[in-house]
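Please examine the structure shown here, with attention to how its helices are arranged against one another. The paragraphs that follow take two helix pairs in turn.

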Amino acid sequence: MMKDQVDTILQQWLKTRPELDCSSMGVVGRVRRTSEQWKKQMEVVFKQHQLSSIEFDILATLRRSQAPLTPTELYQTLMLSSGVMSTRIESLVQRGLLQRLASEEDRRSCQVELTEKGIALIDPVVSEHVDNMESMLSPLDKSERDQLAMLLKKLGGN
C-alpha cells in the first residue's frame, strides 16, 4: 500500500496519543492537501490567459448561463462579496471582456454579459480547464470518480 505524508502524521499521533482515533484527521488532511494542489494546478491555466480564478469563474458563469446576469446574481452564485464582484466586473469591462447593459425598469440596476472578445477568451480557457481537471483525476477510473463525487456531495450536504 502506498504511504503518504498524512500516514506519517497519523503514525506520530498514534504513538503520542494511542487512545485518540485520528482517522478523521487523515481524511480531512488529504482533502485539504488535494484541494491546495488542485487550486495551484488550476491557476496555472488561468494565469496563462491573464485571468484570476475569480475572473475565470465570472466569465465561465456568464458563458454557461447564456444570458446576461446582474452583479447580485453573479456574486450570489459565486459566493463573493458585492465589493469584490464590482471591482472584478469593472476590470473585465475595462479589458473589453464584459459589457454592462442598463436596466430599462431601474436606472440604478444593470446586467453584465460577455462581449465577443470575452467569449473568444473563455471558450478555449474552459476547454483547457476541463483537460486540466481530467489530468488531475487521471489516477481514478470512472467508477472511482463517480464514487468520489457522490461521497463529496454527501459530505457537502448538497
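**Two helix packings**

In this predicted model, helix 2 and helix 6 (residues 116–136) pack at an angle of about 155°, and their axes lie 10 Å apart. An angle over 145 degrees counts as roughly antiparallel, and therefore helix 2 is roughly antiparallel to helix 6. The crossing of these two helices is right-handed.

Which residues bring helix 2 and helix 6 into contact? On the side of helix 2 they are Trp-38, Gln-41, Met-42, Val-45, Phe-46 and Gln-48. Helix 6 contributes Val-125, Glu-128, His-129, Asn-132, Met-133, Ser-135 and Met-136. By character, the residues of this contact comprise 7 nonpolar, 5 polar and 1 charged.

Helix 2, which spans residues 23–48, also packs with helix 1, which spans residues 5–16. Here the angle is about 150°, with the axes 10 Å apart. Helix 1 is therefore roughly antiparallel to helix 2. The crossing of helix 1 and helix 2 is right-handed.

In this second contact, helix 1 supplies Gln-5, Val-6, Asp-7, Ile-9, Leu-10 and Trp-13. These meet Met-25, Gly-26, Gly-29, Arg-30 and Arg-33 of helix 2. The residues of the contact of helix 1 with helix 2 divide into 5 nonpolar, 3 polar and 3 charged.

Helix 2 thus takes part in both packings: its residues from Met-25 to Arg-33 include those that meet helix 1, while Trp-38 and Gln-48 are among those that meet helix 6.

Note on methods:
Residues numbered from 1 in each chain as written. Predicted model: local features only at pLDDT ≥ 70, side-chain atom pairs only at ≥ 80, totals over all residues. Heavy atoms only, no water. Axes fitted to C-alpha atoms, helices over the stretch in contact; angles between N-to-C directions. Helix = DSSP H or I, 4+ residues; strand = E, 2+ residues; numbered from the N terminus. Parallel < 35°, antiparallel > 145°, perpendicular 65-115°, else oblique. Left-handed = near helix turned anticlockwise from the far one by under 90°. Contact = heavy atoms within 4.5 Å. Nonpolar A, V, L, I, M, F, W, Y, C, P; charged D, E, K, R; others polar.
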